[in-house]
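Colleague: Please pick one part of this model and take me through it closely, strand by strand if you can. After that, I'd like to hear how the rest of the chain is put together around it.

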Amino acid sequence: MSRCRHDWVVAFAGFSCGLAAVVSLTSGVRVASGQPPKGLVVAPAPQAPTLAAAALGAKVGESVELTLTGTNLNDPVGVLLSCPGKVTIPTDNKNGTDAGKLRVKVELPADCPIGLHTIRVATKQGVSNFRPFVVDELAAVPEVDTNRSKDTPQVLAVPTVVTGRTDNEASDFFKVKVSPGQTVAFEVIARRIGSPLDPIIVLHDAKTKREIVELYADDTPGLQSDCRLTHAFKDGGEFLVEVRDTTYRGGADFFYRLRVGEFPGATTAFPVAVQRGQTASVGFAGPNTADVPPVSVKAPADPTLAAVYASPKKGGASGWPVPVRLSDWPESAEQEPNDDPAKANKLPVPGGVSGRFEKGGDADHFAVAVKKGVKYAASAATFEINSPSEVLVRVLDDKGKEVARSNPTQPAARVEFTPAADATYTLACEQLNFVSGPNEIYHLTVAPVTPDFNIVLALDRCEAPAGGGTAVGATVTRLNGYAGPVELSIVGDPALSGTVTLSAGQTVAFVPLMVKDGTKPGAYPFRVQGKATVGTEAIVRTGTLVDTVKATLGGMPNPPLEMMSNCAAGVTEKPAFTVKLTADPAAIEKGKGGKVLVEIERGAGADGDVAVAPVFPPPNVTPAAAKPIAKGATKTDLALTVAAAAATGPTPLALKLTTKVGGKDYAVTPPPLVIDVTEPKKAEAKKDAPKK
């Protein structure tokens, strides 16, 4: 690859815009109009632990001791891994007493899936944010501090993976020896594991120290600005591998993994998606993947899961895994020839198909049976699936006349159309820039535009004691004309439960998360699931955390789908104080007011003032400021006004109580108080007094 970036780089300028597309980040195939909703912003409890950014990982089948850093890490009770494995916390050398660091031992089974996973720490006070945890099958070696010069490179065996980081205004150099005719891949994984590093790879001749201009990689398509260089060395020899940031940035959080070996490199799976509950043969797309054998993928039926992963492998080590999206609809792969409408592939409605512009001037056609008067939407995902392709989607009626097309100026290739009669229409897909090749992948979906909703969560973690509970904030945006109620529930670990119904007209909800009595302290995974019924059809959606996940992963443009909905509850020991909330009266009429009675039971160390504040009260429900619960006291109240425009029905109200425990901030968010908002009672007509 030359130093000049190709035209596809321009296409990637819109990569982040692709996340604002109408395609859902949860299922990858939903059709809904409007922008994804912005959720509430809720700060974690100040007593909960936090993990600092770090390069964490282990090799399959082996154990490793890691030192985690952050805050409030003392008194640990467990570690939560999102992959199979056993984690223990050593007790020697006063481990677990330092709030700033914690040693943990991780043991992975031999069949642990390679790729990006997550790790969290639970203490007696809560659960931490997640941090990336990388699993690889290659043996890892740490980078040495003396490799900043071509004269002192770090010598590497092949295959291997180096865990390193870049410094400001510096490059890292490694020496490898390759045999004549050997094909070796050099891949830097940085942005894909949450590092801000924008890496490049440059190869140099080890004898002359001269750069080999054509052996250069930067922003490889499909790698989210990471890079991969695969080269067949005709004569073999010794070479220097230079790794640095494109603008020579560096620092403690600019970590990376340099994989070196004889492994294939895929950019996407092909087909891109598999229907839930089905088994499919999944191949791989990208340079040098034509002879990589496909793998069998069994798609789980769980509606809360968004993707599974497949790793390309051809004899030696596995290449880095790529996601396979999970779909609610039948999925297929494009079958050539389909270059004109007469040869169009049949596509069920609703349904999805994975296509590729493999040759110059390629145009793909798909036939769909549509009904009169029904609005349909066809969408082609590219940036969202890590493809550099840009697609124009045209809709042709049964006579071949174009009736609609996607707008090339918009970030999403999406088009809506309403047939005038029952017919078979054709969806024609073309590459906007007339580019072709193994990277030019897209995922086309078509479905009726039906009532729908989205859920955005306020925070990915919370804490509550066994036998108690807390509140999980969520924002619900109704789409495509849906205006009815939405039931929100806590799903996941059986120790956790909670359900609330968001009435028509309400958009903000606090879902009660209750912990089963007797549950041991630790970290417990969960998701928030929403359900609604339109006619006879049940709609099920899962709450997402796009902004939280992107921020945690260093601004990664296209975060892993499975991380978008993963939350964790920290089951704690008895809190510093417990809270009881009561509405007075229990039902409040619109246009009138009432009170929220707040009563606490103090524990050890919680003898100071306790501040009480509402957290994002529902629209048209206005709590007044509450007086703090004074030192030694246990009760307060706050007035509540319900406007005439408030939505009727169960209305959850969340409160946050804060105090000082041991000189440090401490907060409790109890389960939401559900207020029954009712219509005003009709005044009875006055009766005339009886005549004497």
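Modeller: Let's start with a parallel pairing: strand S2, residues 57-59, is joined to strand S9 by three bridges. Gly57 has Val134 of S9 as its bridge partner. Bear in mind throughout that this is a predicted model.

S9 is the part I'd look at closely. S9 covers residues 131-136, and six of its six residues are buried, so the strand is largely enclosed by the rest of the structure. If you split the strand by face, Arg131, Phe133 and Val135 sit on one side, with Pro132, Val134 and Asp136 on the other. Both of those faces are covered. Note that Arg131 and Asp136 count among the buried residues along with the others.

S9 has another partner too. Strand S7, residues 115-123, is joined to S9 by five bridges, and here the two run antiparallel. On that side, Phe133 in S9 is the bridge partner of His117. To put the two pairings together: S9 runs parallel to S2 and antiparallel to S7. As a reminder, the strands of a sheet pair through backbone hydrogen bonds, in either a parallel or an antiparallel sense.

Now for the setting. The protein has three helices and 54 strands, so expect plenty of strand pairing when you scroll through it. Of its 692 residues, 54% count as buried. Contacts between residues 24 or more positions apart make up 69% of those with a separation of 6 or more. A compact globule of 692 residues would have a radius of gyration near 26 Å, and the 28 Å of this protein agrees with that. The C-alpha trace spans about 120 × 80 × 40 Å along its principal axes. The exposed surface comes to about 29200 Å², with carbon and sulfur atoms supplying 53% of it.

Next, the nonpolar interior. The largest nonpolar core holds 42 residues, and those with the most contacts inside it are Val472, Leu488, Ile490, Leu496, Leu513 and Phe526. Leu496 is a handy one to click on. Setting aside neighbours within four places in sequence, Leu496 touches Ile490, Leu513, Met514, Val515, Tyr524, Pro525, Phe526 and Ala569. There is also a second, separate core of 26 residues, which includes Ala583, Ile588, Val598 and Ala626.

Back to strands. One open sheet has five of them, in the order S27-S29-S34-S31-S32, and its pairing is mixed. Its edges are S27 (345-346) and S32 (402-405), each of which pairs on one side only. S27 runs parallel to strand S29, residues 363-370, and two bridges join them. If you want to find the spot, look for Asn345, which stands opposite Phe366 in S29.

For antiparallel pairing, try strand S22, residues 279-285. Strand S20, residues 268-270, pairs with S22 over three bridges in the antiparallel sense, and Thr268 has Ala285 in S22 as its bridge partner. S22 also pairs with strand S23, residues 295-298, over four bridges, again antiparallel. There, Ser281 is matched with Ser296 in S23.

Finally, some backbone geometry in the loops, which you may want to check before setting up anything. The peptide bond from Val158 to Pro159 is cis, with omega near 10 degrees. Pro159 lies in the loop between strand S11 (154-155) and strand S12 (160-165). Another cis peptide bond joins Glu336 and Pro337, with omega about 0 degrees. Pro337 belongs to the loop between strand S26 (331-333) and S27, and S27 is an edge strand of the five-stranded open sheet.

Two asparagines deserve a glance for their phi values. Asn93 has phi near 50 degrees, a positive value in a residue other than glycine. Asn93 is in the loop between strand S5 (86-88) and strand S6 (101-107), and with 71% relative accessibility it counts as exposed. Asn480 is no glycine either, yet its phi is positive at about 55 degrees. You'll find Asn480 in the loop between strand S38 (469-479) and strand S39 (486-492).

Notes: Residues are numbered from 1 along each chain as its sequence is written. This is a predicted model: local features need pLDDT of at least 70, side-chain atom pairs count only at pLDDT 80 or more; totals for chains, interfaces and linings use all residues. Side-chain values use heavy atoms; hydrogens and water are left out. A nonpolar core is a set of buried Ala, Val, Leu, Ile, Met, Phe, Trp, Tyr and Cys residues joined through side-chain atoms within 4.5 Å. Buried means under 20% relative accessible area, exposed over 50%, partly exposed in between (1.4 Å probe, protein chains only). Contact means heavy atoms within 4.5 Å. Two strands pair if DSSP finds at least two bridges between them. The radius of gyration is taken over C-alpha atoms; the globule rule is 2.2 Å times the number of residues to the power 0.38. Accessible areas come from the Shrake-Rupley method with a 1.4 Å probe; for residues, only the protein chains shown count as cover.
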